[in-house]
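User: I'd like to learn how to read a few features of a structure like this one. Could you walk me through some, starting with a single residue and its surroundings?

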Amino acid sequence: MASLARIEAKEAGEAEAAKAAQKAQQEAVQTQIAAAVEAAVAEERAKSEGNGASQTAAAGDGGGNVAPDIDWNSVAATDLTLFYPGQASFEWVQNGKTHGGARPLTKGGDACTTCHEKEIEAIGTKIVAGGEIEPTPIPGKRGTINASIQAAHDDENLYVRIQWPDGGHNPAPFVDGGKMDPDNQIKVAMMITGTGIEMGETTGCWSSCHADNTYMPFDPGAEAIAANADVAAQLEAKETITKYLTESRTKVEVKGRRGKAQGGWDKLKTAEEIDQLLADGTFLDLLRVYADGTASNGYLLDRRVANDGEMSAEANLSGGVWTVVFARPLASGAPGDVPLEPGKTYTVGFAIHDDFAAARFHHVTLNTSFALDDDATQINVIKQ
């Protein structure tokens, strides 16, 4: 009993120290963001006074053309830590041989945050350094990104602002020039979980990350894709396979027994079955913003698809801090857009590709709760 008491006291001390360190880091991020906002406002004011034009809000101030009527100072911020996942696929997390939490996840219904909410920084730091689930590490790449996320709405639209410190450039040694996506220094994605997705509410966007996607261990490659012409045509795939949902396949290999490739890229359901899933709301709504402020609205089901859903965005790097603001209708009616309604709680996920990254070389959140005017959720979308 005395030994147990000493161990519990030690663990409590370590947990308290980790909590204090995380709080200090989050406060430092908030201080950096506040300084960047102040600098951006001062810069815009100086420009306005210099040319006699009316002052417009800078992207760093969160206004601009996307959300001019939103008072971000009155919208509570949620501090989220995004971590580097490496090749930890949806199959990987369900396999007890690779993931100790597989049974609680698949049989017990536990969410990812149940076990890992306090371990995010340690997990990201360990994976990014290289090893079993990161065979091609990028020297100097950070394991986590601390971001501040705010969300608001009016009668028609959702508005989201996400801010985080820039991490500088660390060249990817396996890419000529060191930049996987040289046209986009950053990309931000928000995914909203639809209905009927296996473990969608407990894993969030992880349900779309498979072991045979781009840069994953069972990426089939261009030759195998070309050899399966019918599937390739339906997926509009040439060299690699984009993310997809298990529901769009007739079978997905999880365990990889007897040397079987994990995933199910070529086990595609018929076009009619895919259309029915879309009509039923079985998809991940996908909103993406690029470094130049352009944006795309779409969804993930059998593949990544761009739809006709409305979306506007802006992106800005000021004072060493990135600020991305985007907006979309609460209910556009477009196929692949999850309608956002009062009284409902949604599972969302955020991803940041920084430092010209592409594919799986991003930072992601665990499952995150999101609702309109509900302070019981992690991200409370405030009415303005």
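User: Which residues does S248 touch, leaving aside those up to four places away in sequence?

Analyst: This is a predicted model, so keep in mind that every contact here comes from predicted coordinates. S248 touches K267, L268, K269, I274, L277, L301 and D302. As for its place in the fold, S248 sits in the loop between α8 (229-235) and α9 (271-280). Its side chain also reaches the backbone oxygen of L245, at 2.6 Å.

User: Is S248 buried or exposed?

Analyst: Buried means under 20% relative accessible area. S248 has 0% relative accessibility, so it counts as buried. Try the same reading on G101, in the loop between α2 and α3 (102-106): at 15% relative accessibility, G101 counts as buried because that value is under the 20% cut-off. The C-alpha atoms of G101 and T114 are separated by 10.0 Å, with their positions 13 residues apart along the chain.

User: Okay, on to empty space. Which residues are closest to the centre of the second largest pocket?

Analyst: The general idea: rolling a probe the size of a water molecule over the atoms shows where empty space is left. In this model the second largest pocket holds about 510 Å³ of space. Of the 23 residues lining that pocket, W92, H99, I123, I127 and I133 are the closest to its centre. Helices α2 (90-94), α4 (112-116) and α5 (120-128) each supply at least two residues of the lining.

User: Now strands. Which way do β12 and its partners run?

Analyst: In a regular strand the side chains alternate between the two faces of the sheet. Here, β10 (residues 345-353) and β12 run antiparallel, joined by four bridges, and V348 has T368 as its bridge partner in β12. With β13 (residues 379-383), β12 runs parallel, through three bridges; there A371 is partnered by N380. Strand β12 (residues 368-372) is mostly covered, with four of its five residues buried.

User: And what about a hairpin: how many bridges join β8 to β9?

Analyst: Seven, between β8 (residues 312-318) and β9 (residues 321-329), which run antiparallel. One of the pairs puts L317 opposite W322 in β9. Two residues lie between the strands of this hairpin, and G319 takes a positive phi near 60°.

User: Last one: where does pLDDT stay under 50?

Analyst: Over residues 51-60, for which the model has 22 contacts beyond four places in sequence. Where pLDDT is low, the predicted coordinates should not be read in detail. For the chain, pLDDT averages 89, and 86% of the residues score at least 70.

Key
Residues numbered from 1 in each chain as written. Predicted model: local features only at pLDDT ≥ 70, side-chain atom pairs only at ≥ 80, totals over all residues. Heavy atoms only, no water. Pairing = 2+ DSSP bridges. Buried < 20%, exposed > 50% of the residue type's maximum accessible area, 1.4 Å probe, protein only. Polar contact = N/O pair within 3.5 Å; in protein donor to acceptor, adjacent residues only side chain to side chain. Contact = heavy atoms within 4.5 Å. pLDDT = per-residue confidence, 0-100. 1 Å grid on protein atoms, 1.4 Å probe; cavity = no way out; pocket = protein on both sides within 12 Å on 5 of 7 lines; lining within 4 Å. Points joined across faces, edges and corners; volume = space filled by probe spheres on them.
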